[in-house]
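This briefing covers a strand and its partners, the surroundings of a ligand, the domain division and two backbone angles. The structure is shown first, and the points follow by topic.

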Amino acid sequence: MIETRELSKRYGSLTAVDGISFKVEPGQVLGFLGPNGAGKSTTMKMVAGFLTPTSGQALVCGFDVETHPIEAKQAMGYLPEGAPSYGEMTVADFLGFIADVRGLHGGVRTRQLDDAIGRLSLSGVLKQTIDTLSKGFRRRVGLAQAILHDPKVLILDEPTDGLDPNQKHEVRNLIKAMAKDKTIIVSTHILEEVHAVCHRAIIIAKGKVLADDTPAALEGRSRYHRAVSLSADQPEVVKAALSQLKDVATVEIDPQDQRITAFPKKDRAIFEAVTECLKAQKIAFRELALEQGRLDEVFRTITQAETTVKEAA
Ligand SMILES: Nc1ncnc2c1ncn2[C@@H]1O[C@H](COP(=O)(O)OP(=O)(O)OP(=O)(O)O)[C@@H](O)[C@H]1O
């Protein structure tokens, strides 16, 4: 389990993290989202025990990271931002060194090393020095060291940064597979990642938690939630027809691809009414879709509202 209690970090007059509290239970993957400079990495460094909080507390498996650092660090694997240091070491030597630091011996050491190397597809680069690896491979080495001792808790700062689409897919599958018996926090800029791996997402900006919900509930806050979109040859005709429906609030035509979107009034469902209207008026259409909502729009709305409020104050 991971818990933070009013965790804060100040650098002079800048408050990078401002009283963040959350709990993550075993079996849960928490996505930590926020714009650049929101305080994601600073929070993760404090939870991982690499940075001392100005105030507040972080606990890993019940151990306070500050007062019981050894027990807390034994229970966690941490993938920091960027690449592993020790760039002059080969991948094999580096992972062997981490295995020693983690106190792995004999058969367990061999098994864990083989497992991490296999899961991150590193067997082809074991003799290469870390400095000479591509960004994606360096990230994979970082992930391998984080999971090497099969920790109960994983703190992963942008785990798929720099990976190609195939590797992103592999790493997301790896996180999902590990989630069954671990507690995992993943920081990311990539909203599709939230869908792919997270049970829950926290959005932060300027060091504060602005939203804490499931991806589906966050999508529910989008103006696109339950909107109906379609393509048709005469978008203006379709717009006029759908605008007449009683539960439709507004109809928009995308200026780029001419796709038509009908937005429902609050808490209304319009899919059936839209399809019936199209049928009744014999309107030919393509790619009719019921929208779940758009996380990118929710993210923008939440984080920009915070910036606007701060600027106005
Ligand atoms: N050592 C430091 N000294 C002074 N300010 C710092 C330090 N480390 C971070 N900051 C500032 O704290 C704020 C939060 O930074 P942090 O790296 O946690 O953001 P982030 O959400 O991880 O951003 P990104 O998505 O760009 O990685 C930023 O304004 C950053 O400039």
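In this predicted model, Val 228 stands opposite Leu 290 in strand β14. Val 228 also belongs to the covered face of strand β11, which spans residues 228-231. The points below start from this strand and then turn to the ligand, the domains and the loops.

**Strand β11 and its partners**
- The covered face of β11 consists of Val 228 and Leu 230, while Ser 229 and Ser 231 make up the uncovered one.
- β11 and β14 (residues 286-290) run antiparallel and are joined by three bridges.
- β11 also pairs with strand β13 (residues 260-264), again in the antiparallel sense and over three bridges.
- In the pairing with β13, the residue opposite Ser 229 is Thr 261.
- Val 228, from the covered face, thus has its counterpart Leu 290 in β14, and Ser 229, from the uncovered face, has its counterpart in β13.

**Surroundings of the ligand**
- The ligand is surrounded by Tyr 11, Leu 14, Ala 16, Gly 34, Asn 36, Gly 37, Ala 38, Gly 39, Lys 40, Ser 41 and Thr 42.
- Two or more residues of this shell come from each of β2 (14-24) and α1 (40-47).
- The largest contribution is that of α1, which gives three residues.
- By class, the shell holds four nonpolar residues, six polar ones and one charged one.

**Domains**
- The domain assignment divides the protein chain into domain 1 (2-220) and domain 2 (228-291).
- A distance of 43 Å separates the C-alpha centres of domain 1 and domain 2.

**Loop residues with positive phi**
- Arg 226 is located in the loop between α8 (215-220) and β11.
- The phi angle of Arg 226 is near 65 degrees, a positive value in a residue that is not glycine.
- Arg 226 counts as buried because it has 20 C-beta neighbours inside 10 Å, and the limit for a buried residue is 20 or more.
- Gln 258 lies in the loop between β12 (248-253) and β13.
- Gln 258 is not a glycine either, and its phi is positive at about 65 degrees.
- Gln 258 has 13 C-beta neighbours inside 10 Å and therefore counts as partly exposed, since a residue is exposed at 12 or fewer and buried at 20 or more.

Technical notes. Residues are numbered from 1 along each chain as its sequence is written. This is a predicted model: local features need pLDDT of at least 70, side-chain atom pairs count only at pLDDT 80 or more; totals for chains, interfaces and linings use all residues. Helices (H or I, at least four residues) and strands (E, at least two) are DSSP runs, numbered from the N terminus. Two strands pair if DSSP finds at least two bridges between them. A residue is near a molecule or strand if its C-beta atom, placed from the backbone, lies within 6 Å of it. Ala, Val, Leu, Ile, Met, Phe, Trp, Tyr, Cys and Pro count as nonpolar, Asp, Glu, Lys and Arg as charged, and the others, Gly among them, as polar. Domain bounds come from an automatic or database domain assignment.
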